[in-house]
Amino acid sequence: MKYYHGIAVAPGVAIGLLSVVANNQLFIPRRAIDANQVDDELRRLEAAFERAQTAVSQCRDKAQEELGGQYAQIFEAHLLFLMDPNLRARVETAIQDDLVSVEFAVAQAFDFYAAQLRKLQDATYAERANDINDVKNIVLRELLAVKQGSVVDERYPVIVAASFLAPSEAAKLEPAMTLGIVTEQGGRGSHTSIVASALGVPTVVGLGSFLSDVYGACLAIVDGDRGQLILDPTPEVVDQYEQKLERQHEHQRRLEEKRSKNYATTPDGVKVAVEANIEFPYEAKTCLECGATGIGLYRTEFLYLAEKDGVMPDEEAHFQAYKEALATMGQDRTTVIRTFDLGADKTPEGRNFAREREPNPFMGLRSVRLSLRYTDMFRTQLRAILRASVYGKAAVMFPLVTTIREWRQAKMIFHDVCEEFNERGEPYDHDIALGIMVETPATVIMLDQFAIEVDFFSLGTNDLLQYAQAVDRSNKEVNALYAQESPALMRLIKRVVDVSNLYGKPLAICGQMASVPANVPLLLGLGLRALSVAPGMILQTKEICETFTIQECEEIAKQAWLMETADDVRIFLNNELKKKVSNFAYD
Ligand code: PEP
Ligand code: MG
């Protein structure tokens with residue numbers, strides 16, 4: 001049994017078999033075997049080579065059919081290498097004489113031939129060495145039960161393990177087939193983490209190197225509350241976790257009663273809107289069933305991220321997605337459709353928006369900047385939103401607006417598209433509210449300027465924290481600085497609350513910090529009355545709002561305000577939560 005510690009990004013516990021997604025180079029440790037395991041290892045070798053040969057033959061036939069003989073030859077050469085008796089003899093000798101695992105023997109033998117070719121210092125041979133590396137990975141994936149390419153394709157639910165999952169890869173995971181997610185890299189605020197929490201599966205990222213300890217199908221436990229991964233747990237530990245799972249199910253059953261009302265009321269009678277963040281339109285159904293006040297954030301960019309090979313969704317695809325979400329939520333619950341927040345880490349497969357590689361993509365061409373650069377794409381989306389607006393109550397929100405000029409340009413394009421509809425007499429909702437995400441310090445500083453013109457604000461604390469603390473939200477190296485309980489962030493939030501109140505503009509928070517139970521009293525104490533959370537957190541958020549009076553929340557905020565560090569604030573908030581909710585679910 002081995003424990004690994006990482007960053008907990010989606011709560012809960014999962015127990016199951018790991019399935020490794022090989023989107024990175026595999027590292028194979030030297031694993032010794034006993035003499036009596038040699039025959040088994042040789043049998044595994046035989047089977048893996050057979051499967052690898054089938055896989056390569058299929059690639060060759062596909063290449064022949066779709067691309068022509070010249071390309072098929074590449075795979076033919078791979079096949080010949082796989083069938084080379086010298087290669088096979090080298091692997092077998094290592095297993096029999098050196099008593100090493102088949103994975104290690106394969107890695108060594110292939111690396112040996114690749115190194116010989118590289119020594120020749122010729123570009124053509126170097127290419128061949130890369131080919132050998134590719135073939136090695138095919139065999140290793142067969143041995144390790146690792147999935148070829150990016151995203152898993154399982155017939156039974158598994159825990160997905162990867163070195164790194166891009167948001168576009170995470171978006172393609174099948175919720176019913178994914179028990180949990182664990183990655184070596186990644187930070188708390190990464191979009192991969194956000195998709196994982198949308199899937200509602202326990203997730204731990206930034207675990208550091210653990211894939212090298214995985215071989216074959218391996219039993220694992222993901223503890224999304226404590227940020228732990230346990231490989232090969234003992235039966236006692238599995239037993240402990242099964243009990244914890246049962247307690248969590250029990251808590252979930254108690255939360256059922258919170259579904260009936262579409263808002264929460266604090267014990268002193270203050271109404272709090274509990275909205276939801278969604279990435280996919282089908283999630284609206286869950287939100288409705290949980291009694292969400294509305295959709296506070298619909299991250300439409302996932303429509304692009306779920307596409308393959310850089311294909312952009314057309315107007316019809318946008319329309320169908322928005323129609324589904326709007327029709328599900330109906331006229332009484334607003335769905336805030338955020339225009340595409342692409343760029344930085346949210347770049348569709350095979351598509352590069354910037355003209356040149358960006359050295360600092362999070363500071364680069366992303367979000368509304370991209371909409372204003374690619375106005376055709378932007379207009380396509382806006383047309384689809386207007387067409388869908390007759391099916392429910394839509395609001396439109398622009399992401400990462402940093403200057404008043406960007407806001408005015410985006411608004412102008414929106415009105416221009418409305419004008420086209422008017423000219424054609426096409427129906428749409430003429431009362432769509434237009435708002436912005438508040439997610440940079442510049443926007444907070446200039447908020448009074450925006451407050452005169454926008455219909456509403458939404459606090460995007462994931463990015464606001466990133467830009468305020470100058471800390472990459474997905475980088476585990478600096479994760480300690482990416483703390484949602486940061487006193488600096490608290491002060492920024494307070495200013496946003498004060499300015500919106502002064503100008504009478506509706507304000508919600510849709511950053512991940514609202515989905516953390518212990519933060520809810522603080523946010524209410526700072527004056528927020530609309531929280532947009534991950535769909536899986538709607539019921540829990542209502543439970544917490546209904547536990548603390550506003551007076552208690554204000555006292556908590558007052559005390560937190562005086563604290564110097566995010567750690568102090570976090571410990572304090574967790575204790576306050578545990579004092580009021582003696583609930584093992586918040587262990
Ligand atoms: C945010 O930045 O807080 C936010 C909600 O937007 P995203 O996480 O999609 O960047
Ligand atoms: Mg953001």
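This briefing describes selected features of the structure above, grouped by topic.

The model is predicted. It holds 40 salt bridges, and it contains a ligand, ligand 1, that is surrounded by 17 residues. The points below begin with that ligand and the helix that follows one of its contacts, then turn to salt bridges, to two buried strand residues and finally to a patch on the surface.

**Ligand 1 and its surroundings**

- Among the 17 residues around ligand 1, the closest are Arg299, Arg338, Gly460, Asn462 and Arg473.
- The backbone takes part in holding polar atoms close to the ligand: a backbone N or O atom of glycine 460 lies 3.3 Å from an oxygen atom of ligand 1, and a polar backbone atom of threonine 461 is 3.1 Å from an oxygen atom of ligand 1.
- A side chain is also involved, since an N or O atom in the side chain of arginine 473 is found 2.8 Å from an oxygen atom of ligand 1.
- Taken alone, ligand 1 exposes 280 Å², and the protein buries 100% of that area.

**Helix H17**

- Helix H17 spans residues 461–469, and because 7 of its 9 residues are buried, it is largely enclosed by the rest of the structure.
- The buried residues of H17 are Thr461, Asn462, Asp463, Leu464, Leu465, Gln466 and Tyr467; of these, Asn462 is also listed with the residues closest to ligand 1, and Thr461 is the residue whose polar backbone atom is 3.1 Å from a ligand oxygen.
- After H17 comes alanine 470, which has a positive phi, near 55 degrees.

**Salt bridges**

- Glutamate 546 and lysine 258 meet through their side chains in a salt bridge, with an N to O distance of 3.0 Å.
- Glutamate 546 sits in the loop between helix H20 (538–545) and helix H21 (550–561), while lysine 258 sits in the loop between helix H8 (235–255) and strand S9 (264–265), so the pair ties together parts that are 288 residues apart in sequence.
- The two partners of this bridge fall into separate accessibility classes: glutamate 546 is partly exposed, with a relative accessible area of 23%, whereas lysine 258 is buried, with a relative accessible area of 16%, because buried means under 20%.
- Aspartate 498 and lysine 494 form another salt bridge, in which the closest N and O atoms are 2.9 Å apart; both residues belong to helix H18 (residues 487–503), and because they are 4 residues apart there, about one helical turn separates them.
- Aspartate 498 is partly exposed at a relative accessible area of 38%, and lysine 494 also counts as partly exposed, at 27%.
- In helix H22 (residues 566–580), arginine 570 and aspartate 567 lie 3 residues apart, about one turn of the helix, and their side chains meet in a salt bridge of 3.1 Å, N to O.
- An α-helix has 3.6 residues a turn, so residues three or four places apart point the same way.
- Both partners in H22 count as partly exposed, arginine 570 at 30% relative accessibility and aspartate 567 at 43%.
- Elsewhere, salt bridges that share partners join Glu301, Arg338, Asp341, Lys346, Arg366, Asp463 and Arg473 into one network; Arg338 and Arg473 are also among the residues closest to ligand 1, and Asp463 is one of the buried residues of H17.

**Two buried strand residues**

- Threonine 203 lies in strand S6 (residues 203–205) and counts as buried, at 1% relative accessibility.
- A polar atom of the side chain of threonine 203 lies 2.9 Å from the backbone oxygen of valine 201.
- Beyond its neighbours within four places in sequence, threonine 203 is in contact with Ile7, Ala8, Val9, Ala10, Ile181, Ala196, Val222 and Gly224.
- Asparagine 277, in strand S10 (residues 271–278), is buried as well, with a relative accessible area of 2%.
- The side chain of asparagine 277 makes a polar contact of 2.7 Å with the side chain of serine 532, and the residues that asparagine 277 touches, not counting those up to four places away in sequence, include Glu283, Leu297, Arg299 and Cys510.

**A nonpolar surface patch**

- Leu17, Tyr156 and Leu219 make a nonpolar surface patch of about 240 Å².
- Leucine 219 is located in strand S7 (residues 219–223), and leucine 219 is partly exposed, with a relative accessible area of 32%.

Key. Residues numbered from 1 in each chain as written. Chains lettered and ligands numbered in written order. Predicted model: local features only at pLDDT ≥ 70, side-chain atom pairs only at ≥ 80, totals over all residues. Heavy atoms only, no water. Patch = residues over 30% accessible without salt bridge, like charges linked within 9 Å, V, L, I, M, F, W, Y side chains within 5 Å. Areas by Shrake-Rupley, 256 points an atom, 1.4 Å probe, with all protein chains shown as cover. Salt bridge = Lys/Arg side-chain N within 4 Å of Asp/Glu carboxyl O. Buried < 20%, exposed > 50% of the residue type's maximum accessible area, 1.4 Å probe, protein only. Near = heavy atom within 4 Å. Polar contact = N/O pair within 3.5 Å; in protein donor to acceptor, adjacent residues only side chain to side chain. Contact = heavy atoms within 4.5 Å.
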